[in-house]
Amino acid sequence: MKEVFLNPQLWAATLAMATPLALPALGGTFSERSGVVNIAMEGIMLIAAFFAVVFAHATGSAWLGLLGAMIVGLIVALIFAWAAVSLTANQIILGMAINIFASGITAYLLNTMYGFTGTPTDTPMLPTIDIPGIKNIPFLGQVLSGHSVVVYLMIIILFISDYFLFHTNLGLRLRAVGENPEAAETAGIDVIKLRYLGVALSGILSAMGGAYLSIGALNSFNPDMTSGRGYIALAAMIFGKWTPFGSFGAALLFGFATALSMQLQNTAFSKNIIMMLPYILTILALVGVGGKSVPPAADGVPYTPKK
């Protein structure tokens, strides 16, 4: 057992597995801080994962595949925002509808466009990066270097997100509309525009997480390949108390559980129980084992401007 925890591959896999959770968790933080529960992150990830492969193969560029996925994710998020914010539709039901739609439409398009052979095997992948000076350090280099570029983009986005939310006027306004939209509107803040912004950011970051799965970690798309990661990201955000670094820490915890389950599959431990680890942690996070999590006061509450 000791050898498992001293294996650098476990910790490298933890970071890799945390990335597709951290990105939508950061996005969900923006959305819920503005007062909108975006449970549709699972569906946005899945749709983006599919179109990342489509655009990457069509253009011959993984970077254009990532960009195309982010644009598609933004479009889906804006549709969600229009229904949830402008039409004040029930956010949970709407999000679940998008998730179900995403599962069906991606499976249909996969079969229609590529048939039973699946997505092309020559689909380009996003590059991996070896960090100079770190890659040659024993153990540490194996953990931190050699990951997909999306992993390092996620870390940069993490710091930017924290600075934006807690150290800028726009971030302050975004948090204000999620706490007390009436007071925010009285102060001259456009509640609707900022809620659209929060949802849009959640769509873009969720799309990055989906694209990482299909053209970052792999170069193919499989039906339902997100495997509930959007929901786990939602739990990570709650576990992290709606803060960027807290969400990232929770994503690392869930990523570690996944990586550990992979490392222990060939041991005496029950494979089925090991594979349950990430989902057990998700349930524990949702019931408040990590401490009581208090959401923004107006989270999930529709708002109609007084003007």
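**Helices, loops and buried residues in a predicted model**

Me: Over residues 149-166, how far apart are the end C-alpha atoms?
Reply: In this predicted model, residues 149-166 are 100% helix and 0% strand. UniProt's unreviewed entry lists this stretch among its features called "transmembrane region". Its end C-alpha atoms are separated by 26 Å.

Me: And over residues 35-56, what share of the chain is helix?
Reply: The unreviewed UniProt entry also places a "transmembrane region" at residues 35-56. Here the end C-alpha atoms lie 34 Å apart. Strand accounts for 0% of the stretch. The helix share is 73%.

Me: At roughly what angle do the axes of H7 and H12 cross?
Reply: H7 covers residues 149-167, and H12 covers residues 244-263. Their axes come within 8 Å of each other. The crossing angle is roughly 145°.

Me: Which residues of H12 does H7 meet?
Reply: The H7 side of the contact has Met154, Leu158, Phe159, Ser161, Asp162, Leu165 and Phe166. By class, the H7-H12 contact has 8 nonpolar, 1 polar and 1 charged residues. The H12 partners are Pro244, Phe245 and Phe248.

Me: Is Ser148 buried or exposed?
Reply: Ser148 sits in strand E2, residues 147-148. Beyond its sequence neighbours up to four places away, Ser148 touches Leu126, Pro127, Thr128, Tyr212 and Gly216. Its relative accessibility is 7%. That is under the 20% cut-off, so Ser148 counts as buried.

Me: Which side chain of opposite charge is nearest to Glu32?
Reply: Glu32 belongs to helix H2, residues 8-33. Glu32 is buried, yet has no salt bridge. A salt bridge needs a nitrogen-oxygen distance within 4 Å. The nearest opposite charge is 8.7 Å away, on Arg33.

Me: Which residues does Glu32 contact, leaving aside neighbours within four places in sequence?
Reply: Glu32 lies in H2. Two of its contacts, Leu234 and Met237, are among the buried residues of H11. The full set is Val37, Leu234, Met237, Trp242, Pro296 and Asp299.

Me: Where is Gly28, and what is its relative accessible area?
Reply: Gly28 is placed in helix H2. Apart from residues up to four places away in sequence, Gly28 touches Met41, Ser202 and Met237. Gly28 is buried, with a relative accessible area of 2%.

Me: How far is the C-alpha atom of Gly28 from that of Phe101?
Reply: Along the chain, Gly28 and Phe101 are 73 residues apart. Gly28 is in H2. The two C-alpha atoms are separated by 20 Å.

Me: How many residues of H11 are buried?
Reply: Helix H11 runs over residues 229-239 and is mostly covered. Its buried residues are Gly230, Ile232, Ala233, Leu234, Ala235, Ala236, Met237 and Ile238. Of the 11 residues in H11, the number buried is 8.

Me: Which residue with a positive phi follows H11?
Reply: The residue is in the loop between H11 and H12. Its phi is near 60°. With a relative accessible area of 36%, it is partly exposed. The residue is Lys241.

Me: What separates the C-alpha atoms of Lys241 and Phe5?
Reply: These two residues are 236 residues apart along the chain. Lys241 is in the loop between H11 and H12. The separation in space is 28 Å.

Me: What is the phi of Thr88?
Reply: Thr88 lies in the loop between H4 (62-86) and H5 (91-114). At 33% relative accessibility, Thr88 counts as partly exposed. Thr88 is not a glycine, yet its phi is positive, about 50°.

Me: And what is the relative accessibility of Ser227?
Reply: Ser227 sits in the loop between H10 (191-216) and H11. Its phi is positive, near 50°, in a residue other than glycine. Ser227 counts as partly exposed, with a relative accessibility of 42%.

Me: Is Thr123 buried or exposed?
Reply: Thr123 is in the loop between H5 and strand E1 (128-129). Leaving aside neighbours within four places, Thr123 contacts Val53, Ala56, His57, Ile215 and Asn219. Its relative accessibility is 3%. Thr123 therefore counts as buried.

Me: How far apart are the C-alpha atoms of Thr123 and Gly230?
Reply: Thr123 and Gly230 are 107 residues apart along the chain. Gly230 is one of the buried residues of H11. The C-alpha separation is 24 Å.

Conventions
Residues numbered from 1 in each chain as written. Predicted model: local features only at pLDDT ≥ 70, side-chain atom pairs only at ≥ 80, totals over all residues. Heavy atoms only, no water. UniProt positions renumbered as here; feature names shortened; annotations may be inferred. Helix = DSSP H or I, 4+ residues; strand = E, 2+ residues; numbered from the N terminus. Axes fitted to C-alpha atoms, helices over the stretch in contact; angles between N-to-C directions. Contact = heavy atoms within 4.5 Å. Nonpolar A, V, L, I, M, F, W, Y, C, P; charged D, E, K, R; others polar. Buried < 20%, exposed > 50% of the residue type's maximum accessible area, 1.4 Å probe, protein only. Lys, Arg positive; Asp, Glu negative; His and termini not counted.
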